[in-house]
Amino acid sequence: MWAFLGSDCMFFGSLIATYLVYKNRSLSGPLPVDVFSIPTTSVSTFVLLMSSMSMVLAYAALRRNRMKTFRIWLASTALMGMTFLAFQVFEFHAFANHEVVVDCTAPIGELTALEQSVAADCEPGQHEIEKQVGLTPRTNLFGSTFFTLTGFHGAHVTLGVVWLLSMFFLSFKKGAVTPEKELNLDLAALYWHFVDIVWIIIFTVVYLFGVFPGF
Amino acid sequence: MTQESQVIQHESAHPTPGTYFKVAMALSAITAIEVAVFYLEFVRHAIIPILVLLSGAKFILVCMYYMHLKFDDRIFSTMFVAGLVTASGVVMALMALFRFFA
């Protein structure tokens, strides 16, 4: 498992590097500053961090042979994983349907690059303009690298959720999940925590740095 | 060391649920600080090193306590750190190759 996690580090390292290399090379918007919502992503980050806590509590409960507590914590972990995925789906949908509303009378210097391009379509005498400028993997380099990176992370989370739910349902079969076979749960837990630490990096490098001007 | 004593060492090595809870609180607090720092105007000039330090602290906490590397045999840490160092090298090499730092 540790060898696999080490190799997965290189996989995500390459994706993060690709994202960073192409970050400021998009020819048109939307850019991170146009679409990212830090409060929303902070909540989903918090949910994933808490899922790591419930995972270790499930593991601790199994080692103490408290099967009911173990199932509660394991189901909570899977549920929080699914909540994180729901946040990701919501975010992807919001990005793909991103709408920009621009005050046509606003000074051009106060507008972002994307808003300036939308404001260029303002008719004389028009006060406000609204335009859908969605972000998809085909929109620009930022879209391609962002969706590839976060999409692969989401796929890892999905696999983790399937793994945890499998263990949850297996635990009802006599002798399938026991304290003596704790290693099976330990491996699932290691994978889950790895997914968590990858998100810690993505949240900082992609989201927080992404919105920060000058990076 | 016999297999039995290795198992015993493994059994006693894991942190208690109380420790897990404390680590979770620390992780939550660090995330809250990260978001707060992001909105603070007066730390704008030092925001990147601060965020790198804070996320590094979260990374290490999860690895050491939740992934129990702190309590396991060093071979596991070596395998993971080897991958991590190679990944960091790949990131830096790619960034240098594409003149990210220029």
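In this predicted model, helices H3(A) and H7(A) run roughly antiparallel to each other, because angles over 145 degrees count as such and theirs leads to that reading. The two helices pack at an angle of about 165°, and their axes lie 10 Å apart. Their crossing is left-handed.

Residues on both helices take part in this packing. On the side of H3(A), the contributors include Ile38(A), Leu48(A), Met55(A) and Tyr59(A), and on the side of H7(A) they include Leu185(A), Trp192(A), Trp199(A) and Phe203(A). Charged residues also occur, among them Arg63(A) in H3(A) and Glu182(A), Asp186(A) and Asp196(A) in H7(A).

Helix H3(A) consists of 26 residues and spans 38 Å from its first C-alpha to its last, close to the 38 Å expected at 1.5 Å a residue. Just beyond H3(A), Asn65(A) adopts a positive phi of about 60°.

H3(A) also belongs to the side of chain A that touches chain B, where helix H1 (2-22), helix H3 (38-63) and helix H7 (182-211) of chain A each give two or more residues. The largest share of that side, 13 residues, is provided by H1(A). The contact between the chains draws 35 residues from chain A and 35 residues from chain B.

The table sets out the residue classes in the two contacts.

| Contact | Nonpolar | Polar | Charged |
|---|---|---|---|
| H3(A) with H7(A) | 14 nonpolar residues | four polar residues | four charged residues |
| Side of chain A that touches chain B | 25 nonpolar residues | nine polar residues | one charged residue |

Notes: Residues are numbered from 1 along each chain as its sequence is written. Chains are lettered from A and ligands numbered from 1 in the order in which they are written. This is a predicted model: local features need pLDDT of at least 70, side-chain atom pairs count only at pLDDT 80 or more; totals for chains, interfaces and linings use all residues. Two residues are in contact if their C-beta atoms, placed from the backbone, lie within 7 Å. Helices (H or I, at least four residues) and strands (E, at least two) are DSSP runs, numbered from the N terminus. Ala, Val, Leu, Ile, Met, Phe, Trp, Tyr, Cys and Pro count as nonpolar, Asp, Glu, Lys and Arg as charged, and the others, Gly among them, as polar. Axes are lines fitted to C-alpha atoms, for helices over the stretch in contact, and angles run from 0 to 180 degrees between N-to-C directions. Angles under 35 degrees count as roughly parallel, over 145 as roughly antiparallel, 65 to 115 as roughly perpendicular and the rest as oblique. A crossing is left-handed if the near helix is turned anticlockwise from the far one by less than a right angle, and right-handed if clockwise. The expected span of a helix is 1.5 Å times one less than its number of residues.
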